[in-house]
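Work through the exercises below with the model open. Each task is followed by a solution in steps.

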Amino acid sequence: MGWRLENSYGQLPGFFYTKVEPTKVSEPKMVIFNRSLAAELGLDVDPSAMDSSATTEWAERCAGNVLPIGAEPLAQAYAGHQFGHFTMLGDGRAILLGEQMTPAGARFDIQLKGSGRTPYSRRGDGKAALGPMLREYIISEAMHALGIPTTRSLAVVTSGEVVYRETELPGAVLTRVASSHLRVGTFEYAAAWGGAERVRELADYAMARHYSEVIEREPGEQRYAAFLRAVMERQATLIAQWQAVGFVHGVMNTDNMAISGETIDYGPCAFMDTYKMSTVFSSIDSHGRYAYGNQPKIAAWNLARLAEALLPILATEEEQALALANAVIGEFPDLFREKWLAAMCNKLGLSGREQTDESLVEDLLGLMETHYADYTNTFCELTTGRHKQALFETEAFASWRNRWQARLEQQNESHDVIQERMKHANPVVIARNHRVEEALAAATDDDDLSVLHRLLDAIANPFDYSEQNRYAGDPYFTEPSASVRPYRTFCGT
Ligand code: AMP
Ligand code: MG
């Protein structure tokens, strides 16, 4: 089958996990399997041999009924700040099978999500419903196609069992692939219940796995502050990328922030249509804590929690540790701003950096918000010059456009060079929330996977502006939701 599993996490002290096997399910059935990801992982999936018996075999495996050779299943312990409140959490419905060593030499966690109860389940059933697992599959693959660091999805299987939420729903298991599942919350857990020694073990493990360049640069005791800064740098880059494509994560609790810098835990997440800083998709986020416009601030808040957890190992003197932590975290706003501005300037085709660029970007965003412009389409239409939205009819836009054109002229670049830059920064097709909802409804209510497959196909090449991309001009994929329902829709787990 191509499994080459290692279990480095299971070699950490037992404090960090509990060994537990997935719960067997009655009737696993493959819903969707990611063959290109399987190939990257070095798994033997001969497309011509993916007949019904092979599919059944993979379904058994992805449901946790059959364990791959070398798997040493465990549930990870972690804590986290959920909507600002600290609690003990852990994998309540997920089990890490092991770490696949790929032909390219990379290490990826293979995790089953929705695979039954664990000692961390609290009052939960340990299960997952089909819709939310398919949402995670779609959005994580969309993010990957956009070039944004993310966990990925190998498969979704239905379990043949019913899960009870507000209604009865088909149960499902997602096979998640991640650089690791180390979270800010894993450090909070170590600090709260393990003490300095556990925090140090975890930090050394995380650095060996994700930040070897930091250890090489800073082998001494300074390395933990350097580690904190490196995590912050990756998060600043990540959140800038989210903002640039209009992605709203929805639950940026500290347990949902990965140390690797990947986007993780796709719950009530979505790409926004109309540009609005206060956009929220989660039905439980009633105060808009995790609104689109708050994401950078929340990232900084979460990183401050990581810094706190690292305090005992940052320096021997508490005051010195605090000063170090504050110095690092204090850099976040400028660091983020720089990365965000670079991403936004790219979207406008700008090269180099001028003093006026920031206001050029901000003023466009202001106009977009005033005129209810669609986020994705605005940048697409600026790229192609085919202006369709009301925003483009306004005098305010005409004067903004003059400033933009004047700025571009200073670059001494051809129109083609500028347009190419924009095409690589502005997706022409995204996984719009109303289309995601349709795909999930068809799969869940009607057993119809065709809507899902078409959506996955459409979002696989988001920067393809060519005539051959039949989805690029297809109103089904490019028009924002026509309904006037409020933004706060339910798309939870
Ligand atoms: P999430 O909102 O998915 O990030 O999950 C937050 C916490 O709740 C994690 O510790 C999950 O493992 C746990 N959890 C979520 N859903 C369930 C469930 N159905 N059964 C048990 N634990 C769950
Ligand atoms: Mg989570």
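**Exercise 1.** How many nonpolar, polar and charged residues does the shell around ligand 1 have?

*Solution.* The model is a predicted one. Start with the shell, which comprises 17 residues. Sorted by class, two are nonpolar, seven polar and eight charged. Next, look at the closest residues, which are Gly90, Gly92, Asp125, Gly126 and Asp265.

**Exercise 2.** Describe the polar atoms that Gly92, Gly126 and Asp265 place by ligand 1, then state how much of the ligand is covered.

*Solution.* Take the backbone first. A backbone N or O atom of Gly92 is 2.7 Å from an oxygen atom of ligand 1. For Gly126, a backbone N or O atom lies 2.8 Å from a nitrogen atom of the ligand. Asp265 instead uses a polar side-chain atom, 3.1 Å from an oxygen atom of ligand 1. On its own, ligand 1 has 480 Å² of accessible area, and the protein covers 81% of this.

**Exercise 3.** Which domains supply the shell around ligand 1, and what lies between them?

*Solution.* Divide the chain into domain 1 (5–178) and domain 2 (184–339). Each of the two gives at least three residues to the shell. Their centres, taken over C-alpha atoms, are 23 Å apart. The contact involves 36 residues from domain 1 and 37 residues from domain 2. Between them the domains bury about 3,100 Å², with 66% of it on carbon and sulfur atoms. On the domain 1 side, Phe15, His81 and Phe83 lose the most area to domain 2, together 23% of what that side buries.

**Exercise 4.** How many salt bridges cross the interface of domain 1 and domain 2?

*Solution.* The count is four. Asp109 also forms a salt bridge with Arg209, and their closest N and O atoms are 2.7 Å apart. For polar contacts, the count between domain 1 and domain 2 is 16 residue pairs.

Note on methods
Residues numbered from 1 in each chain as written. Chains lettered and ligands numbered in written order. Predicted model: local features only at pLDDT ≥ 70, side-chain atom pairs only at ≥ 80, totals over all residues. Heavy atoms only, no water. Near = heavy atom within 4 Å. Polar contact = N/O pair within 3.5 Å; in protein donor to acceptor, adjacent residues only side chain to side chain. Areas by Shrake-Rupley, 256 points an atom, 1.4 Å probe, with all protein chains shown as cover. Nonpolar A, V, L, I, M, F, W, Y, C, P; charged D, E, K, R; others polar. Domains from an automatic or database assignment. Contact = heavy atoms within 4.5 Å. Buried area = accessible area lost by both parts, 1.4 Å probe. Salt bridge = Lys/Arg side-chain N within 4 Å of Asp/Glu carboxyl O.
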